[in-house]
Structure formats: structure tokens, C-alpha cells
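These are my notebook entries on one protein model. I looked up its nonpolar core, one helix and a surface patch.

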Amino acid sequence: MSAAITLILSVWLIAALLVAAGVFTWVERRGLGFLQERLGPNRVGPFGFFQWIADTVKLLFKADEVPPGGDALTFRLAPALAATPVLVGFAVVAFAPGWTISALDIGVIFILAMLALTVYAMVLGAWASRNRYAMLGGLRAAAQMLSYEAFFGLSLMGVVMLAGSMNLGQIVAAQEGLWFVVQQPLGAALFTIAGIAAAHRLPFDLQESEQDLVAGFMTEYSGMGFALFFLGEYLAILLVSALAVTLFFGGWLGPFLPAPVWFGLKVGALALAFVWIRAVLPRPRYDQLVAFAWKWALPLALVNLLATGAVVVLGGAA
């Protein structure tokens, strides 16, 4: 693929993702309204569909001032760091056979690395704000990243061992007969938990818990800075959903419909699960959040990894 074609496809992909993230904000607000027995957006456009456009226009023109004593350069750059790595992570996603910007042989590690980079946006934004609530949110984000990244990668190593590759396209091809969620139910469950934490979504959003931190690391942000942080969060939901579909739910595989359609439907279903989880689960205490990662999730991920390794070795020996 030539550099010009890669650039054009990248621009189209970024544009599509930005629109998808905007539409998903409307889907989430309507879904939460339904689940909580209220209306949700219902004024701007049919069923309030254009509410996300109205919000975007408002944020574009809303003032975004650096707080007194804050570091202006870091304060401005931190929100961009929240969205940019996630957009880059989509470059290795295999939407269908041959439908990928860059088919890296280490695609799994690349996506994990891009998701991990988003925590730096929170920490830097919190530090640059010179605000106590923001700093507490930034510290929580750093501790949560260390806790949940520890088993995030381990939870999907069973899939990598079964597929014999970290290339996302090859992992999908390895599920022709049976999806890996059937062979790796524990790995899929742990990946889901860690994926919610990686996307900084409720119940793992204690770094911005409004009950005790106002808005956490985003307390001093408004306008486009605020919008970029939320854009990064919604893009992370889509990226984690795409990775989960690829690793555990057969990627684009499915009968009758075209491959990209199957991939989109599966990603959409998992993204809606994020909304449902937000609506029904309360936040745990922060010590419970961290304790669960180290005392339960990490040992279970190691057990799953050892069991999968034994199955692969014994199966090869047989």
C-alpha cells in the first residue's frame, strides 16, 4: 500500500471514528434515559439525534481558561494526549479481510500500548491544573493503571497462545471453527473487567468521581479541553470493544452479511454493554478497586495463562 493511499485511508478512518464517537454520546444518553426511566435528549432533531452536534458546537466556542498558577503548555497539550493514542490504535484493527491500515505482527501489544498512554493525559492534566481535586484524580488514575495493566495483557495471552500470533487478522482467522470466548471464558471475563478500567468507565471511573472529587482530573477543564478528554474516553470504548470482538468473538466472521457489517454489529453490541454497565453498577471504594486487581484478577489471569499453556503443550505433544 502506497503512502498516499495509507494517508487517505487514515483520514477517512479518523473522520468516521470522530462521527461514531459523537453519535455514541447520543446513543449512551438515550440508553441511560431509557434504563433510568427518563427521556434523555429529545429536543434537537428527531429523538434528540442532533444533540451531539449542538454540544460539539457549544464546546468549540466555549472559553477554556488556564487556572491561576497552572502550567499553560501542559494544560493545553494534555487533552490531545487523551484522544490521539486511541486514534492511532485503530490503525492496526482488522475490520475485515484486508481492511486494516497497518497489519502489524505485534498488533495486540500496539493497542495495549496506545491505551496505556492515555493515563499520561490524566496525570499531566491533573498536575498542570494545580487543583487538589484534580491531583487526587490524577493519582488515582496512575494507581489504577498500574493495578489493571498488570493483568490486562495477561488476560489475552491465552488467545495469543491458541492463535500462535499477535496479528489481529490471524487471530480472527484462527477462530473459523470456534470463537475463543468458548475456549477462554475466564480470559474473556478478565479482559472485559480490565477493558472497562482501561477505558476509564464506570464503575472504574474513580479518577473523576463527582461524589468526592467534583470532576477529578478534569475539574479545571471546559470547552475543547473537556471535549477532547471525553472524545478519548468514547474512542477508548470503541477500541476496547473492537479488540474484544477480534480476540474473543470471531472478529468479522459470521454468516450471510458482509464481513465489515458483522464486525460493526459486534462492536456496537459490546459498546452498548458499556452503557448498560454504567447504568446498573455502583462505584466501589477505591481500596476495593485496587485490592480486586492485585488479590483476585492478577492471580486468576496467571492461573488462566498456566492452564492454557499446559493445554497447548500437551495438545502439541499429542
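**Entry 1: the core**

I looked up the largest nonpolar core (buried Ala, Val, Leu, Ile, Met, Phe, Trp, Tyr and Cys residues joined through side-chain atoms within 4.5 Å; buried means under 20% relative accessible area, 1.4 Å probe, protein chains only) and found 68 residues, with Phe-90, Phe-151, Phe-191 and Leu-247 having the most contacts inside it. Helix H10 (residues 223-248) supplies the largest share of this core, 14 residues; helices are DSSP runs of H or I, at least four residues, numbered from the N terminus. A second, separate core has 14 residues, among them Ala-82 and Val-119.

The model is predicted: local features need pLDDT of at least 70, side-chain atom pairs count only at pLDDT 80 or more, and totals for chains, interfaces and linings use all residues. Residues are numbered from 1 along each chain as its sequence is written, and side-chain values use heavy atoms, with hydrogens and water left out.

**Entry 2: contacts of Phe-90**

Which residues does Phe-90 touch, not counting those up to four places away in sequence? I noted Leu-13, Leu-17, Phe-95, Leu-235, Leu-238 and Leu-239, where contact means heavy atoms within 4.5 Å.

**Entry 3: helix H3**

Where does H3 (residues 72-89) have its kink? I found a kink of about 30° at Leu-81, shortly before Pro-85; the bend is the angle between axes fitted to the seven residues ending there and the seven starting there. The buried residues of H3 include Phe-75, Ala-82 and Val-86. They pack against H1, helix H4 (107-129) and H10.

**Entry 4: Phe-50**

I located Phe-50 in the loop between helix H1 (3-35) and H2.

Terms used
Helix = DSSP H or I, 4+ residues; strand = E, 2+ residues; numbered from the N terminus. Buried < 20%, exposed > 50% of the residue type's maximum accessible area, 1.4 Å probe, protein only.
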